[in-house]
Amino acid sequence: APKWPKETVKPVEVEEGESVVLPCNPPPSAEPLRIYWMNSKILHIKQDERVTMGQNGNLYFANVLTSDNHSDYICHAHFPGTRTIIQKEPIDLRVKATNSMIDRKPRLLFPTNSSSHLVALQGQPLVLECIAEGFPTPTIKWLRPSGPMPADRVTYQNHNKTLQLLKVGEEDDGEYRCLAENSLGSARHAYYVTVEAAPYWLHKPQSHLYGPGETARLDCQVQGRPQPEVTWRINGIPVEELAKDQKYRIQRGALILSNVQPSDTMVTQCEARNRHGLLLANAYIYVVQLPAKILTADNQTYMAVQGSTAYLLCKAFGAPVPSVQWLDEDGTTVLQDERFFPYANGTLGIRDLQANDTGRYFCLAANDQNNVTIVANLKVKDATQITQGPRSAIEKKGSRVTFTCQASFDPSLQPSITWRGDGRDLQELGDSDKYFIEDGRLVIHSLDYSDQGNYSCVASTELDVVESRAQLLVVGSPGPVPRLVLSDLHLLTQSQVRVSWSPAEDHNAPIEKYDIEFEDKEMAPEKWYSLGKVPGNQTSTTLKLSPYVHYTFRVTAINKYGPGEPSPVSETVVTPEAAPEKNPVDVKGEGNETTNMVITWKPLRWMDWNAPQVQYRVQWRPQGTRGPWQEQIVSDPFLVVSNTSTFVPYEIKVQAVNSQGKGPEPQVTIGYSGEDYPQAIPELEGIEILNSSAVLVKWRPVDLAQVKGHLRGYNVTYWREGSQRKHSKRHIHKDHVVVPANTTSVILSGLRPYSSYHLEVQAFNGRGSGPASEFTFSTPEGVPGHPEALHLECQSNTSLLLRWQPPLSHNGVLTGYVLSYHPLDEGGKGQLSFNLRDPELRTHNLTDLSPHLRYRFQLQATTKEGPGEAIVREGGTMALSGISDFGNISATAGENYSVVSWVPKEGQCNFRFHILFKALGEEKGGASLSPQYVSYNQSSYTQWDLQPDTDYEIHLFKERMFRHQMAVKTNGTGRVRLPPAGFATEGWFIGFVSAIILLFLVLLILCFIKRSKGGKYSVKDKEDTQVDSEARPMKDETFGEYRSLESDNEEKAFGSSQPSLNGDIKPLGSDDSLADYGGSVDVQFNEDGSFIGQYSGKKEKEAAGGNDSSGATSPINPAVALE
């Protein structure tokens, strides 16, 4: 076992701060050994930037400290081969303490010179070392002037003192520098590294079989640094020692033998050598005669796609080596086409395949012994193409992205479309909906930043694969700021601190700014306030803080997608108290009573208190006096000053006060004591009529001394008293306009034409409004509104009857109507227009109309100002609407009534017709009911007063023509019939009389119901829903009570004007004639246009007034005259 040479180890004495080297000098060894420095307790000596063990085993101290004073520094040597550890005698290091350690710049302890040259073997590791001394302890840097360090193969060890480069290559040749630095200077050493290599093979000679007459070539190519020397031996004899023969020659390291014969079978040896090593290789040469043979199977089929390269195999064997030819089906060589190219091993390559390359190809192998042939079949398929590949996308986090891919394939091949993400295959996961893959679509849900990357659509068959790639970027708000540090805490006395942070992840969108926020957990916990924002390229800032705030900071990164998560919170720091730096703002003095003044202000925010509490020093005095200030210190943000005169100006000051002192000198604000109601009355200058719905009102400015406060403006109130003909008795709606104090006129618009208005103007201040000046004015006439209704009724194939209602808003005195119409169809007449001078007119009959044209009718009411807004209707005559058709007509019955319903035909002209109910059975003659006049657009009609349990025939007549017949039976038990003669019993007679009385009572009730439903009703009730205030003059001053315009004379006039249907209706050709059911017909109309007719059978009734029977009035001759 190796032993340490015996030596006497003397103590090493050194002064504190100086450098020292403790030598190891282990015994020599054939194998690498390991060195350890320990103390007597078998504990390793701690190593750091100051204390280091070098590659030679010595222990270096850059500078010693008194703590290094030990007597048991022991060097141990470990021999792994023999598993032996030996130790050196302990070294006693004695450090003398000093009070003045001298700083010194670095000096290299190893290596000691300024440069050195090293040779490194290729493929082996290279270790460079620099150990320096100095005070303060130097740091070591490594540089490579000739280029960058190979980061993937270089490591720094031993506190940067050792550089290790793995697997050295030729590119590592050059200069390496180590630089030792401290605050006083630097020292450097240059390593000049030369990379050399032992010989290694580039091309090793191979054994081969040759035929007679061939040339044999054995390549022996090697490389190394320095370049190795190559020598050859044949059968163990150096070529130089063989007889000079033209058969053997060496050319660029290759051994070439010409015209070999069977006797030339031999073994050759190639030897390459330099100072770093030796290479040796054997190769055999066999010279034989063999017939040609093709090893590739015959009639083999090859498939490839258009545009690719096909390889047809033809591996031939023989001695001599057979020649190989490729022929087409015509026996012609294929090499005439430049797309065909042969290989030395017999393979035929065909590049840029085309569809017409499909066919059979023949391989012919021949030597001096024989020739053989095989067939190769080639099929060229359509190439797979991606017609629409995925497109790169930029999507927000949490959204989804869809990639689409479409491809075309050869129909005879099995197609496949798959997706890859960053090189790995993507598949739908079992329970996860992250990926959805279907029909060439890839959908990625719930995008996260880990999903960004390259996504590929792979379209493939068994013959080819094509790929289209797209890039996905996932963007979003930044990530959290990972680290936040407070520094310069000594600046807190100046209310400042420095905040530094680490940059946040930008998530593919540049960080635009950082928001610095703080929280005061004492005053406003969990509420964050922004201290400001800094640019996104900045990672630190010095903040100006407020006194007495418990600051806890956090930083949030912001990009165009919004703020990210905030950083972890910082430690809490507290700034010292100070006097207030601000005073309250928005100081006001206003009275809420005539004898006080309330001083208010906006209180300071807690972060401006600069102390735990704050109060306010309020001072005031009358404006213009130089007397002393009155003052009071309060905590609330208001103060009430009592016993003041009305509306007197005061000078006011409010100053913040805390335990540390007062705030800055406050500004003086002017306030006023309480206001009183104004006494000024605006003087009207006049009213200018602008048009029928607008006027300009002007007044003189009021005396400000009479306002008793701040003039806030003017209240203009106006209301309509009624039209110029009749004043309204209804509830008055008043309109208000507020005019600024600096304005003395106003335009009142939206007024009703031809109306009387009352106007009031009042000045107002903060207390309220003063007395009003009043004025009355009238607006001139305007154009009326549109007529309320316009109905078209067919009269014949060339005539129409127009019915209308007057406009709700007359806006003056109606002078009549303007009726215009023109055909809509091409080739019709031009527009016709004429005036209807009678304002009371409600109908007009148009004749000479074209039977087959559709017309547009326009009706306008007029005043002296002209025609107003028009009402428009379209329609045609009876010929245009076709034959009257009742469509789906049906009848239902109750006990004493029946309902006839029908569906009006679309486009059918409106008309009137009669409905007649005719009882069937024994009492037919005595039970007839009067025909009723009905409008087609009603859709239904109800006939009352029918007998229970009775069959009725229903007849429909139009213009003396029978249109429809149907039957219905009422419900119930039927009427009681008397026997032909005599009474059965006295009791029966009593019962019969009782039934008659009861039936009479029922009939009275039905008559009352009928009268209440279909009889006369109050015109003013109807007017309440259809006529406005101008068309409904007031009867007296009570609200909502209207004057009825009906009169006995009007009733008699209308009654006498009712036409007699007896003269209009002629006997019909059928047995059912209206003459069978009564003499004269009394036809009446409701105001809504529906008709109620009754066959009275007595002309006396007509003379007495036909309206008494039903109470209805006709829209042709209305019982109400409108304004």
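These legends accompany close-up views of a predicted model.

**View 1. The whole chain is rich in strands, with 84 of them beside seven helices.** The protein has 1123 residues, and 42% of them count as buried. Among contacts with a separation of 6 or more, 65% link residues 24 or more positions apart. The exposed surface comes to about 60,000 Å². Carbon and sulfur atoms supply 49% of that area.

**View 2. A nonpolar patch of about 990 Å² lies on the surface.** Its members include Phe-989, Ile-990 and Val-993. Ile-997 and Leu-998 also belong to the patch, as do Leu-999, Phe-1000 and Leu-1001. Val-1002, Leu-1003 and Leu-1004 complete the list. Phe-989 sits in helix 2, which spans residues 986-1014. Phe-989 has 36% relative accessibility, so it is classed as partly exposed. That value also clears the patch cut-off of over 30% relative accessible area.

**View 3. Four strands build an open antiparallel sheet.** The strand order is 72-71-74-75. Strand 72 (832-836) and strand 75 (866-875) form the edges. Each edge strand has a single partner, so one of its sides has no neighbour in the sheet. From one strand to the next, the twist averages 20 degrees. Strands of a sheet pair through backbone hydrogen bonds.

**View 4. Strand 74 meets edge strand 75 through eight bridges.** Strand 74 covers residues 855-863. The two strands run antiparallel. Which residue of strand 75 stands opposite Arg-856? The residue facing Arg-856 is Glu-874.

**View 5. Ser-567 occupies a loop between two strands.** Strand 52 (562-563) comes before this loop, and strand 53 (572-574) follows. Is Ser-567 buried or exposed? Its relative accessibility is 6%, so Ser-567 counts as buried. The cut-off for buried is under 20%. Beyond its neighbours within four places in sequence, Ser-567 contacts Val-481 and Leu-484. Arg-554 and Val-555 are in contact with Ser-567 as well.

**View 6. A cis peptide bond links Phe-135 to Pro-136.** Omega is about 0 degrees at this bond. Pro-136 belongs to the loop that connects strand 12 (131-135) with strand 13 (139-143).

**View 7. Ala-319 and Pro-320 are likewise joined by a cis peptide bond.** Here omega is about -5 degrees. Pro-320 is placed in the loop between strand 30 (316-319) and strand 31 (323-327).

**View 8. Tyr-754 is a residue other than glycine with a positive phi.** The angle is near 55 degrees. Tyr-754 lies in the loop between strand 66 (745-748) and strand 67 (755-764). With a relative accessible area of 12%, Tyr-754 is buried.

**View 9. Asp-945 also has a positive phi, near 65 degrees.** Asp-945 is found in the loop between strand 80 (940-943) and strand 81 (951-958). Is Asp-945 buried or partly exposed? Its relative accessibility is 33%, and Asp-945 therefore counts as partly exposed.

Notes: Residues numbered from 1 in each chain as written. Predicted model: local features only at pLDDT ≥ 70, side-chain atom pairs only at ≥ 80, totals over all residues. Heavy atoms only, no water. Buried < 20%, exposed > 50% of the residue type's maximum accessible area, 1.4 Å probe, protein only. Contact = heavy atoms within 4.5 Å. Areas by Shrake-Rupley, 256 points an atom, 1.4 Å probe, with all protein chains shown as cover. Patch = residues over 30% accessible without salt bridge, like charges linked within 9 Å, V, L, I, M, F, W, Y side chains within 5 Å. Salt bridge = Lys/Arg side-chain N within 4 Å of Asp/Glu carboxyl O. Pairing = 2+ DSSP bridges. Axes fitted to C-alpha atoms, helices over the stretch in contact; angles between N-to-C directions.
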